[in-house]
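I opened this model to record two things: the residues around a ligand and the setting of a single leucine. The entries follow in the order in which I looked them up.

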Amino acid sequence: MWQCCRAAAWQRHIATAERYHLGCSVLRTRKGPLVTAQIICMANFKGGVGKSTTAVNLAACLANAGNRTLLADCDPQANASEMFIPEDEIEFDFRSIIADRVPTEKAVRQTRIKGLDVLPATFDLALLDKELVVSPNGVQRIERALRPITGGYDFIVMDTGPNLSHLTLGALVASHHIIIPVSATVWSTTGLRKFVRWIDENREQEIIDAELLGLLATMVMSRTRIGRDVVGEMRNSPWPTFETMIPKRIGAEDAVFTRAVAGEPGVDDKFSEAYLAFAKEVIAFVRRSKRGSHRAN
Ligand SMILES: Nc1ncnc2c1ncn2[C@@H]1O[C@H](COP(=O)(O)OP(=O)(O)OP(=O)(O)O)[C@@H](O)[C@H]1O
Ligand SMILES: [Mg+2]
């Protein structure tokens, strides 16, 4: 019954959103936001697969397409945050809003990209994990902390660390959609099945409600056999996989060095184009999705 109401509410929302939507924005209307932001979590317990790179560039592309977007950094490594704000300029971070109860709006920072804000992380966020473990309903505290600001965004893109910590679980609890970046390398699919099973178990226990939007192949070298095999394996898996593949480009590392993101001057064209195509797919996937309306205002 509840599921049914949720689906009906989502259909109503989509119909209204489509009547008013501007440009690429799925959720903007001339009258302002209809529902709270669609929250998308980058997750994979394997490290170095492109989670932060994807979170940063997806968020930038969504903002460039006219969507009010928040990049929420839920990883104490703070790689995503550093692309926009140096750590020594961060007064309040994700931990401040949860542990110190600083109002969430105070921690949010504007970036150089129009329409893109960041809720930054610092190393202190690592301390929050223990606090979430011992606090009652700890894994729901990220969702609660984001609640006051979700109405101000079309999308919130969350980055997480390479682990199954309470922080990662808390980010998944707060999300509607999950994207799993998978690097096209030999070990990349090892453990993927177990990771998806872990997500499914948490969903069965009604700890998380987010759906798997799709797997994203990153750092793909299409000319190598390994690259082709890994992408083939992903496409033949039971899980949805984005058509777009992010190519392996030397320019990706240069972009981190110069703190530049897709679409900005000097960023490798193929890298930028791939993330732009991916962002369009994400918008289309979210449009088709039935999830998200349960958090509507
Ligand atoms: N398309 C690409 N081509 C080449 N290098 C890339 C590409 N995408 C990401 N990289 C590089 O790969 C490394 C790992 O990427 P990233 O930090 O995004 O992974 P991650 O999954 O967030 O890592 P962690 O698990 O440590 O958080 C970085 O040095 C990044 O610059
Ligand atoms: Mg990362």
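I first fixed a term: a residue is near a molecule or strand if its C-beta atom, placed from the backbone, lies within 6 Å of it. The model is predicted, so local features need pLDDT of at least 70 and side-chain atom pairs count only at pLDDT 80 or more, while totals for chains, interfaces and linings use all residues. Residues are numbered from 1 along each chain as its sequence is written, and chains are lettered from A and ligands numbered from 1 in the order in which they are written.

Ligand 1. I found 21 residues around ligand 1, of which G47, S52, T53, P162 and A252 come nearest. Helix 2 (51-64), strand 7 and helix 11 (250-257) each give two or more residues to this shell. Helices (H or I, at least four residues) and strands (E, at least two) are DSSP runs, numbered from the N terminus.

L212. I then turned to strand 7 (residues 211-220), where L212 is found. L212 is partly exposed because 16 other C-beta atoms lie within 10 Å; 20 or more would make a residue buried and 12 or fewer exposed, with C-beta atoms placed from the backbone. Leaving out residues up to four places away in sequence, I noted that L212 touches I178, I180, V196, I199, W239 and P240, contact being C-beta atoms, placed from the backbone, within 7 Å. I180 lies 32 residues from L212 along the chain, and their C-alpha atoms are separated by 7.9 Å.

Whole protein. I recorded twelve helices and eight strands. Of the 297 residues, 48% count as buried.

Terms used: Contact = placed C-beta atoms within 7 Å.
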